[in-house]
Amino acid sequence: MTITSPARVPARGLDEILALDPSRPLYVSHARGPLTIAVVSIAWLSGRDEADRAAIGARNLSDDEMDQAAQLRLRKRRLEWLAGRLAIKHSVCAYQQRHVGVSALPRDITVGVVPDGLRAGKPTVNARVEVGLSHSADFAVAACGPRAVGIDIERSRQLPAPLAELLTLPPEAPAGPEFGSVGAMPLSLRWACKEAVLKHFGFGLRVDSREVRLTKWWPDGRFAWRAGPELRRHAPAADSTRLDSWARDVDGYALALVWQ
């Protein structure tokens, strides 16, 4: 019989501090960990005219980033890219102000990505912090902390049949306490949990999502998971008992966080 160790105590107040309001341009909150979360409304940015968005870019982006944004041809991609950069920059600035006593402007924060390898595309910044980023529909959400952080947001919706089948617990799964509450999780939330775990290690979907086996979801939002052999091979320390793992449906979106 396999026994799942309890997940760590949840970050206090996550249920209360997280809100997704498309009419609110920027929302920054802090949780135990320490962890700083920034939410940027893509919907709000979409409603601005080009002049407004250019002014927002000039205040927050470096010259190189402005050039990079100009090269994005699709409007949807430009909005997502800008919202993501704003979310990362403001999460880092707010984290540094609160926990390090350092004041920085968003324009001073340079956002990059791991260029290649299994962690290619993982966001990085020119500060001694770790960041995570996700966006879906109306929002970009970034998290910043002193150690690796994974975050995923998914608009709650009916998932395609193959993905829904992948996320559905097998009929032969034990019905004991280890699996009971996971079966009650909405499928979008299960997917967000798996992605948040994989993003925490920097892999994203370069590692099969089936390598993250969800084993428990507590009423306060904590969830536990078990790493499969491939995930353990790439990340030997993959163990949910060493990490904070939290997931909730928030204002019509599935949101999951994994951090240390």
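Here are four short exercises, with worked solutions, on a predicted model.

**Exercise 1.** Work out the strand order of the open four-stranded sheet, and find which strands stand at its edges.

*Solution.* Start by walking across the sheet: the order is β1-β2-β6-β5, and the pairing is antiparallel. Next, look at the ends. β1 (26–31) and β5 (130–136) each have a single partner strand, so one side of each has no neighbour in the sheet. From one strand to the next, the twist averages 15°. Now see what lies against the sheet: α5 packs on it, touching β1, β2 (35–41), β5 and β6. The direction of α5 makes about 30° with that of β6. To finish, zoom in on one pair of strands. β5 and β6 (residues 139–145) run antiparallel and are joined by seven bridges. For S136, the bridge partner in β6 is F139.

**Exercise 2.** Describe how helix α3 meets helix α5, from the axes down to the residues.

*Solution.* Take the axes to begin with: those of α3 (residues 50–60) and α5 (residues 75–100) come within 11 Å and cross at roughly 35°. Then the handedness: α3 passes α5 in a left-handed crossing. On the α3 side, E50, R53, I56 and N60 make the contact. On the α5 side, look for R75, R78, L79, L86, K89 and H90. Finally, sort the contact by class: you get five charged, three nonpolar and two polar residues.

**Exercise 3.** Decide whether M185 is buried or exposed, and list what it touches.

*Solution.* Place the residue before anything else: M185 is found in the loop between α7 (177–180) and α8 (187–200). Now check its accessibility. The relative accessible area of M185 is 3%, and buried means under 20%, so M185 counts as buried. For the neighbours, leave out residues up to four places away in sequence; M185 then touches R190, C193, L214 and W217. One more distance to try: M185 and D249 are 64 residues apart in sequence, while their C-alpha atoms are 9.4 Å apart in space.

**Exercise 4.** Say what β8 and β9 form, and how many bridges pair them.

*Solution.* Count the bridges: β8 (residues 212–217) and β9 (residues 223–227) pair over five of them, in the antiparallel sense. Within this pairing, V212 stands opposite A227 in β9. Then follow the chain between the strands: five residues separate them, and the two strands form a hairpin. In the turn, G221 has a positive phi of about 100°. Last, ask how covered β8 is: five of its six residues are buried.

Methods: Residues numbered from 1 in each chain as written. Predicted model: local features only at pLDDT ≥ 70, side-chain atom pairs only at ≥ 80, totals over all residues. Heavy atoms only, no water. Axes fitted to C-alpha atoms, helices over the stretch in contact; angles between N-to-C directions. Left-handed = near helix turned anticlockwise from the far one by under 90°. Contact = heavy atoms within 4.5 Å. Nonpolar A, V, L, I, M, F, W, Y, C, P; charged D, E, K, R; others polar. Buried < 20%, exposed > 50% of the residue type's maximum accessible area, 1.4 Å probe, protein only. Pairing = 2+ DSSP bridges.
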